[in-house]
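Visitor: Could you take me closely through how helices pack against one another in this model?

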Amino acid sequence: MGAIYRREIGAFFTSSIAYVFLSVFYIITGFFFFLVNLGNSSADLSFVCLTMFIISILLIPLLTMRLFSEEKKQRTEQGLLTAPVPLTSIVLGKYFAALTVYAIAASIMFLYGVMLSLFGTVAWLTLLSNFIALLFVGAAFIAVGLFISALTENQVVAAIGGVASLLAFLLVHFAASLVGNYASLGWLQSILNFLSFYSRYYEFTCGIFNLSSVLFFVSVAVLFNFFTVRVFEKRRWS
Amino acid sequence: MIEVRNLTKHYGDKKAVNDISFTVEDGEILGFLGPNGAGKSTTMNMLTGYISSTSGQVLINGTDILEDPIKAKACIGYLPEIPPLYLDMTVKSYLNFVFDLKKCKLPRRSHLRDVLKLCKIDDVENRLIKNLSKGYKQRVGLAQALIGNPPVLILDEPTVGLDPKQMVEIRTLIKKLGKNHTVILSSHILSEIQMVCDRVIIINHGVVAANDTATRLSEKVSTDHRIIVRMEGERVAILQAIRALDGIKYVRADMEREPGIWEYEIEAEPGRDIRRDINRLARENEWNILMLKTMEMTLEDIFLKITMGEHIELGKGAAK
Ligand SMILES: Nc1ncnc2c1ncn2[C@@H]1O[C@H](COP(=O)(O)OP(=O)(O)O)[C@@H](O)[C@H]1O
Ligand SMILES: [Mg+2]
């Protein structure tokens with residue numbers, strides 16, 4: 001796992017994907033930080049956190065798109081799959097490399113906190129819980145993106161597929177509020193609410209640390225990494 | 001040692017590999033000869049655990065590749081048809097990655113140095129792989145297979161796309177590696193297999209057509225009795241003189257290559273080398289030989305010959 005992790009981290013930076021990802025992430029969240037917090041002299045970071053959530057949906061596929069699709073296209077996966085390592089460690093090596101770059105992006109939050117603390121008091125505990133929530137949401141999203149990358153040998157398809165799937169996770173939230181208009185569909189609404197990444201994440205931006213949501217995000221991450229391993233097992237047997 | 005028992009692979013309805021069995025002893029170089037689409041790569045991919053077999057068994061040093069893949073894979077160095085190279089890495093960082101990936105226990109610096117030297121790529125160790133020539137890329141591919149010094153080497157068409165000089169270099173290297181490794185090498189070039197291998201398996205349409213030592217195969221497919229001669233002299237007289245030789249099956253002269261110079265296609269009885277006789281005739285009659293060569297046997301000829309040979313033997317068996 002270590003070898004693959006280190007190679008991927010290196011590849012993120014030599015291919016400049018990491019730089020693109022980080023700079024877009026910082027520019028957009030920085031823009032809202034200056035506009036909302038510095039402009040209005042507000043110490044409440046919840047809006048910036050929400051933008052981080054939304055742009056994660058659009059940017060995470062950028063991190064995950066090439067991880068497996070490019071291996072397949074360049075036929076380098078043959079080297080990995082015939083090396084004496086379990087499939088799980090191949091998948092996790094790539095997974096944690098993407099998660100590391102994502103964590104570097106998300107930790108900009110602490111810089112925003114420090115800047116705010118120069119002007120007023122910052123709710124550090126809320127900020128920390130926000131960071132943790134963002135990290136776990138990312139962990140789930142990256143697993144989904146990685147899974148989609150394993151399905152195709154075309155990076156662009158992997159990227160578009162990734163954005164589409166992550167948007168679907170967001171749409172679950174709107175579907176839930178739509179269904180809420182019909183009393184008879186209460187059961188459906190509770191299912192959709194359970195699956196809604198957005199409402200689960202929103203709680204954290206309000207300062208509520210919900211452990212069951214953390215577990216939910218972790219389960220999604222584990223599940224999709226498991227699916228990715230299955231994709232390779234299935235392909236070998238086909 | 002590699003043992004392959006009744007290995008079969010179906011892609012949908014298509015049988016890419018059909019009931020192949022063979023063993024490779026320690027320290028042996030086995031050649032896998034067959035035209036494109038014969039099933040060489042498919043077999044090698046099953047031997048290395050890249051794809052699973054539909055049925056059958058592969059044992060690498062006694063370990064089943066599907067039952068304990070990690071242990072079996074640790075014994076194998078594999079150079080696939082397309083070398084698994086990360087183009088954006090330097091040769092050195094790529095081989096370091098492979099070293100870590102294989103969890104190699106050897107001393108890193110000296111082992112990498114040895115492999116770089118052996119494959120003659122130490123002069124490009126800091127270059128990006130994408131900027132290397134085809135020959136160098138192939139050697140980097142071979143180097144990654146050698147990392148960790150695995151006892152078994154599986155090399156899928158290692159000389160394809162190389163120029164003649166590079167081909168010779170790679171063949172020499174493989175021959176050298178064969179001294180202390182068990183090697184399986186695939187190719188669609190007969191002479192390459194004859195040059196490098198101790199034993200040859202000929203595979204066509206996914207089945208084994210022949211499994212023999214390289215020397216015995218060479219005898220079988222020897223073409224010294226079929227030659228082409230370009231000779232200056234009177235055509236009818238030459239034809240008569242050649243026909244009068246012992247053991248000539250046929251001779252014909254269909255092409256006047258230069259004014260007064262015809263090309264003679266001669267086939268003698270198998271095993272009879274008539275090149276010296278032709279020379280003697282020319283000397284005695286003061287004809288000039290302007291060219292003499294044995295007819296190359298194509299893979300197609302070989303299959304025809306080998307499968308026909310089997311029919312003959314089958315016929316004998318039935319007569320007993
Ligand atoms: N993934 C695949 N799906 C379907 N057919 C395949 C696949 N790989 C190989 N084949 C078929 O199996 C046969 C053997 O191919 P291969 O092992 O690559 O031959 P060789 O390496 O001897 O040229 C070919 O007819 C090829 O078309
Ligand atoms: Mg092939």
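Guide: What follows looks at two helix pairs of chain A. This is a predicted model, in which local features need pLDDT of at least 70, side-chain atom pairs count only at pLDDT 80 or more, and totals for chains, interfaces and linings use all residues. Residues are numbered from 1 along each chain as its sequence is written, chains are lettered from A and ligands numbered from 1 in the order in which they are written, and side-chain values use heavy atoms, with hydrogens and water left out.

Helix α1 (residues 2–14) of chain A and helix α5 (residues 87–106) of chain A cross at roughly 40°, their axes coming within 8 Å; helices here are DSSP runs (H or I, at least four residues) numbered from the N terminus, and axes are lines fitted to C-alpha atoms over the stretch in contact, with angles from 0 to 180 degrees between N-to-C directions. That angle makes α1(A) oblique to α5(A), the term for whatever is not under 35 degrees (roughly parallel), over 145 (roughly antiparallel) or 65 to 115 (roughly perpendicular). The crossing of α1(A) and α5(A) is right-handed, meaning that the near helix is turned clockwise from the far one by less than a right angle. Among the residues in contact (heavy atoms within 4.5 Å) are A:I4, A:Y5 and A:F12 of α1(A) and A:I90, A:F96 and A:V101 of α5(A).

Helix α3 (residues 46–73) of chain A and helix α8 (residues 155–179) of chain A pack at an angle of about 145°, with axes 8 Å apart, and the crossing of α3(A) and α8(A) is also right-handed.

Definitions and conventions: Helix = DSSP H or I, 4+ residues; strand = E, 2+ residues; numbered from the N terminus.
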